[in-house]
Amino acid sequence: MRAVIADGEGGLKVVERPLPEPGPSEVLIKVAAAGVNRPDVLQRSGLYPPPPGAPDVLGLEVAGEVVAVGHGGEGLLGRKVCALVAGGGYAEYCAAPSGTCLPIPEVLTPIEAAAMPETLFTVWVNLFERGFAVDGDWVLVHGGTSGIGTMAIALGELFGLKVIVTCGTDEKCARATALGATAAINYRNQDFVEEVHRLTNRAGVNVVVDMVGGDYLPRNLSCLTEEGRHVSIAVQRGPTAEIRIFDIMRRRLILTGSTLRPRSVEFKTMVADEIRKTVWPYVEGGRLKPVIDRTFPLEDADAAHAHMESGEHVGKIVLTIL
């Protein structure tokens with residue numbers, strides 16, 4: 001099969017690999033499409049090696065048909081599924097845990113299905129499980145037109161959240177509000193802290209989901225209301241920050257965060273079960289779909305990464321496998 005790996009020099013290359021063999025509680029998916037995510041870009045650059053046991057083939061989410069199964073995965077044979085994987089998605093075939101597979105309803109195309117698992121699992125875990133977001137909460141999400149941002153906007157609409165996002169251009173702010181964001185702040189010409197307080201009548205937000213890190217952290221904490229929750233999911237501006245500990249104590253703030261890829265299959269299966277019960281009915285009813293920015297053929301994975309790094313995309317970038 002064809003597969004895409006990092007070439008060790010900051011680029012990508014297409015190689016021939018044997019088909020993976022599904023182990024116990026695994027399935028083999030004939031891949032129709034694979035989502036492109038920021039961790040893939042970091043892995044290509046040598047900054048995010050795959051966890052132990054994961055293949056060196058890039059790709060964290062796929063959609064396609066199950067063509068072989070290991071012991072325990074028999075019920076999925078012949079089914080069309082999308083799946084969260086720890087690696088191996090940029091290929092014609094991909095082994096996936098049966099527990100992280102979700103059925104593709106007729107209302108989703110394979111491209112749309114491939115764009116769901118990584119962002120959906122990430123937003124669900126961090127916004128609702130770690131951020132404890134509930135109906136009526138104000139939420140601040142940086143990177144409002146990224147895959148994570150657009151999924152947070154969509155879930156916010158479904159679950160009664162008032163989602164404020166930040167974007168880098170007025171055009172992206174307009175797209176974000178058109179997608180359902182309560183408000184969008186252009187961080188290049190507006191102070192997002194002041195805008196958050198203006199929008200919330202000085203009350204602040206209940207949850208911040210932050211992929212920026214660095215000097216954004218103390219500014220994010222200034223946006224939080226009492227007993228607010230700050231959830232870190234990436235550190236694009238750096239892994240360290242200086243904060244006022246007494247302010248955390250005085251306002252009883254919670255600072256937390258997570259990374260999804262290194263978590264156990266058991267944990268991801270538990271999340272998939274929650275999503276299947278709580279979110280997937282909205283998918284099956286056509287009320288939740290990912291925002292697709294652009295597709296590229298598997299052979300042009302390097303161009304897909306360049307497009308992501310340009311920052312021009314709105315929503316998800318997807319590879320198609322013919």
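Start by selecting strands E5 and E7 (residues 101-103): the two pair in the antiparallel sense over three bridges. Bear in mind as you click around that this is a predicted model. Within that pairing, put Val81 in sticks and look across to E7, where its bridge partner is Pro103.

Now add strand E4 (residues 61-69), which pairs with E5, again in the antiparallel sense, over five bridges. Glu61 is a good residue to label here, with Leu84 in E5 as its bridge partner. While E5 (residues 80-84) is still selected, turn on a surface: the strand is mostly covered, with four of its five residues buried.

**Cysteines**

Stay in this area and pick Cys82. Is Cys82 buried or exposed? It counts as buried, at 1% relative accessibility. The closest cysteine sulfur belongs to Cys101, but the gap is 8.1 Å, so the two are too far apart for a bond.

Jump to Cys223 for another case. Its relative accessible area is 0%, so Cys223 is buried. The closest cysteine sulfur to this one sits in Cys167, 15 Å away, which is too far for a bond. How many disulfides turn up in the whole structure? A search finds zero.

**Arg2 and its surroundings**

Go to the start of the chain and select Arg2, which lies in strand E1 (residues 2-6). Despite its charged side chain being a natural thing to look for at the surface, check the accessibility: Arg2 is buried, with a relative accessible area of 18%. Show everything around it. Leaving out residues up to four places away in sequence, Arg2 touches Val14, Val15, Glu16, Tyr90, Ala91, Glu92, Leu298, Glu299, Ile321 and Leu322.

One of those neighbours deserves a distance label. Glu92 forms a salt bridge with Arg2, and the closest N and O atoms are 3.1 Å apart. Glu92 lies in the loop between E5 and strand E6 (93-97), while Arg2 is in strand E1, so the pair ties together parts that are 90 residues apart in sequence.

**More salt bridges**

The structure holds 16 salt bridges, so here are two others to try. Select Asp56 and Arg17, whose closest N and O atoms are 2.8 Å apart in their salt bridge. This pair links distant parts of the chain, 39 residues apart: Asp56 is in the loop between helix H1 (38-44) and E4, and Arg17 is in the loop between strand E2 (12-16) and strand E3 (26-36). Both are partly exposed, Asp56 at 37% relative accessibility and Arg17 with a relative accessible area of 27%.

Next, select Arg219 and Asp191, whose side chains meet in a salt bridge at 3.7 Å, N to O. Arg219 lies in helix H7 (residues 216-223) and Asp191 in the loop between strand E10 (183-186) and helix H6 (192-199), so this pair ties together parts that are 28 residues apart in sequence. Arg219 is partly exposed, with a relative accessible area of 31%, and Asp191 is partly exposed too, at 42%. Before leaving the salt bridges, bring Glu299 back into view: shared partners join Arg2, Glu92 and Glu299 into one network.

**The six-stranded sheet**

Switch to cartoon view and colour the strands E10-E9-E8-E11-E12-E13; in that order they make an open sheet of six strands with parallel pairing. Which strands are at the edges? They are E10 and strand E13 (254-257), each of which pairs on one side only. Look along the sheet and you can follow the twist, which averages 20 degrees from one strand to the next.

Zoom in on strand E8 (residues 138-141) and strand E11 (residues 205-210), which run parallel and are joined by three bridges. Leu140 stands opposite Val208 in E11.

Then add the helices. Helix H5 (residues 170-179) packs on the sheet and touches strand E9 (162-167) and E10, its direction making about 170 degrees with that of E10. H6 also packs on the sheet, touching E8, E9, E10 and E11, and its direction makes about 155 degrees with that of E10.

**The cores**

Finish inside. The largest nonpolar core has 69 residues, and those touching the most other members are Leu127, Leu155, Val165, Val205, Ile275 and Leu288. Select Leu288 and show its contacts: beyond its neighbours within four places in sequence, they are Met116, Met151, Ala154, Leu155, Leu158, Val279, Tyr282 and Val283. Your last stop is a second, separate core of 35 residues, which includes Leu28, Val31, Val57 and Ile321.

Methods: Residues numbered from 1 in each chain as written. Predicted model: local features only at pLDDT ≥ 70, side-chain atom pairs only at ≥ 80, totals over all residues. Heavy atoms only, no water. Core = buried A, V, L, I, M, F, W, Y, C linked by side-chain atoms within 4.5 Å. Buried < 20%, exposed > 50% of the residue type's maximum accessible area, 1.4 Å probe, protein only. Contact = heavy atoms within 4.5 Å. Disulfide = S-S within 2.5 Å. Pairing = 2+ DSSP bridges. Salt bridge = Lys/Arg side-chain N within 4 Å of Asp/Glu carboxyl O. Axes fitted to C-alpha atoms, helices over the stretch in contact; angles between N-to-C directions.
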